[in-house]
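I opened my notebook to look around a structure that was new to me. Here it is, so that you can follow along.

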Amino acid sequence: MKSYNRKAKNHWAFNLAMAAVLMCVSSCYYEDVAPVEVVVPVDPINYELEIQPFFDAKCIACHGGSISPNLSASVSYDELISGNWINTTASESSPLYMSINIGGNMEAYATPAERAIILAWIEQGAPSK
Ligand code: HEC
């Protein structure tokens with residue numbers, strides 16, 4: 001009986017010590033994380049890798065030459081810039097974005113994720129690469 005009691009006591013002390021360790025660990029972790037402002041990094045969007053493939057998949061069946069803007073690979077970027085389809089000072093007012101956004105003529109051909117990447121690319125200044 002004596003040894004059983006000592007064992008139980010040790011167990012209790014051990015659990016208390018573990019709880020103290022866990023509380024310390026979790027509170028340290030919380031203090032570390034709480035004051036940090038979360039900034040979600042947005043990688044620079046690459047026109048050839050992220051924008052043109054969207055046009056290829058969803059647009060060029062119609063916008064491959066005869067219907068403006070021409071969105072086929074070799075000409076799409078120049079066409080979008082020279083045709084004023086992009087407005088980098090008021091990204092959401094870009095005619096390209098407005099046409100694929102909710103309520104635009106081309107709404108049906110773009111998903112929310114595709115709209116978001118087009119908008120992010122324009123907000124980044126519509127880089128050609
Ligand atoms: C099924 C054919 C078809 C597809 C696919 C298509 N378009 Fe169009 N698009 C048209 C036609 C036809 C017009 C011109 C008449 C009109 O405005 O409806 C047009 C017009 C536009 C215009 C001019 C402004 C406007 O909204 O009218 C833009 C910009 C445009 N399309 C972008 C796109 C983009 C970007 C895609 C791919 C996400 C796309 N289109 C997919 C047929 C298509």
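These are my entries on the ligand, one loop residue and the nonpolar core.

Before starting, I noted that this is a predicted model, where local features need pLDDT of at least 70, side-chain atom pairs count only at pLDDT 80 or more, and totals for chains, interfaces and linings use all residues. I count residues from 1 along each chain as its sequence is written.

**The ligand.** I looked up its surroundings and found 17 residues, each with its C-beta atom, placed from the backbone, within 6 Å of the molecule. Among the closest are Cys-59, Cys-62 and Tyr-109. Helix 4 (residues 95-100) gives the largest share of this shell, four residues; helices here are DSSP runs (H or I, at least four residues), numbered from the N terminus. I sorted the shell into twelve nonpolar, four polar and one charged. Ala, Val, Leu, Ile, Met, Phe, Trp, Tyr, Cys and Pro count as nonpolar, Asp, Glu, Lys and Arg as charged, and the others, Gly among them, as polar.

**Ile-60.** I found Ile-60 in the loop between helix 2 (47-58) and helix 3 (76-82). Is Ile-60 buried or exposed? Ile-60 is partly exposed because 17 other C-beta atoms lie within 10 Å (20 or more would be buried, 12 or fewer exposed, with C-beta atoms placed from the backbone). Asn-70 is ten residues away from Ile-60 in sequence, and their C-alpha atoms are 7.6 Å apart.

**The core.** I counted 14 residues in the largest nonpolar core, a set of buried Ala, Val, Leu, Ile, Met, Phe, Trp, Tyr and Cys residues joined through C-beta atoms within 7 Å. Helix 2, helix 4 and helix 5 (112-123) each supply at least two of its residues.
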